[in-house]
Amino acid sequence: MERFKKIYQQRVTDVVKIWVDTETNVNYVFHRNGNAAGFTLLLDKEGKPIVAS
């Protein structure tokens, strides 16, 4: 079983993806634009990690 599961993807060149950690159910967001990319927790308006149900 893979640790992360992709649940959302938008675009091809300017990529935004949402991943879920299958062990903790915490959501992460990945963004890539050209040679730059980032992967970080997806937070709610109170700054708490979003947890998949």
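Three aromatic pairs emerge from a search of the whole structure, which is a predicted model. A pair of aromatic rings is described by the distance of the centres and the angle of the planes. In one of the pairs, Phe4 and Tyr28 meet edge-to-face, with 5.7 Å from centre to centre and 80° between the planes. This pair links distant parts of the chain: Phe4 belongs to strand β1 (residues 4-10) and Tyr28 to strand β3 (residues 27-33), 24 residues apart.

The two partners can be placed by their accessibility. Phe4 has a relative accessible area of 30% and is therefore partly exposed. For Tyr28 the relative accessibility is 17%; because buried means under 20%, Tyr28 counts as buried.

Tyr28 also forms an aromatic pair with Phe39, and this pair is stacked: the centres are 5.2 Å apart, and the angle between the planes is 5°. Since Tyr28 lies in strand β3 and Phe39 in strand β4 (residues 36-41), the pair ties together parts that are eleven residues apart in sequence. Phe39 is partly exposed, as its relative accessible area is 44%, a value that lies between the 20% limit for buried and the 50% limit for exposed.

Taken together, ring pairs join Phe4, Tyr28 and Phe39 into a cluster. Within this cluster, Tyr28 has an edge-to-face contact with Phe4 and a stacked one with Phe39.

Note on methods. Residues numbered from 1 in each chain as written. Predicted model: local features only at pLDDT ≥ 70, side-chain atom pairs only at ≥ 80, totals over all residues. Heavy atoms only, no water. Phe/Tyr/Trp six-rings, centres within 6.5 Å; stacked < 30°, edge-to-face > 60°. Helix = DSSP H or I, 4+ residues; strand = E, 2+ residues; numbered from the N terminus. Buried < 20%, exposed > 50% of the residue type's maximum accessible area, 1.4 Å probe, protein only.
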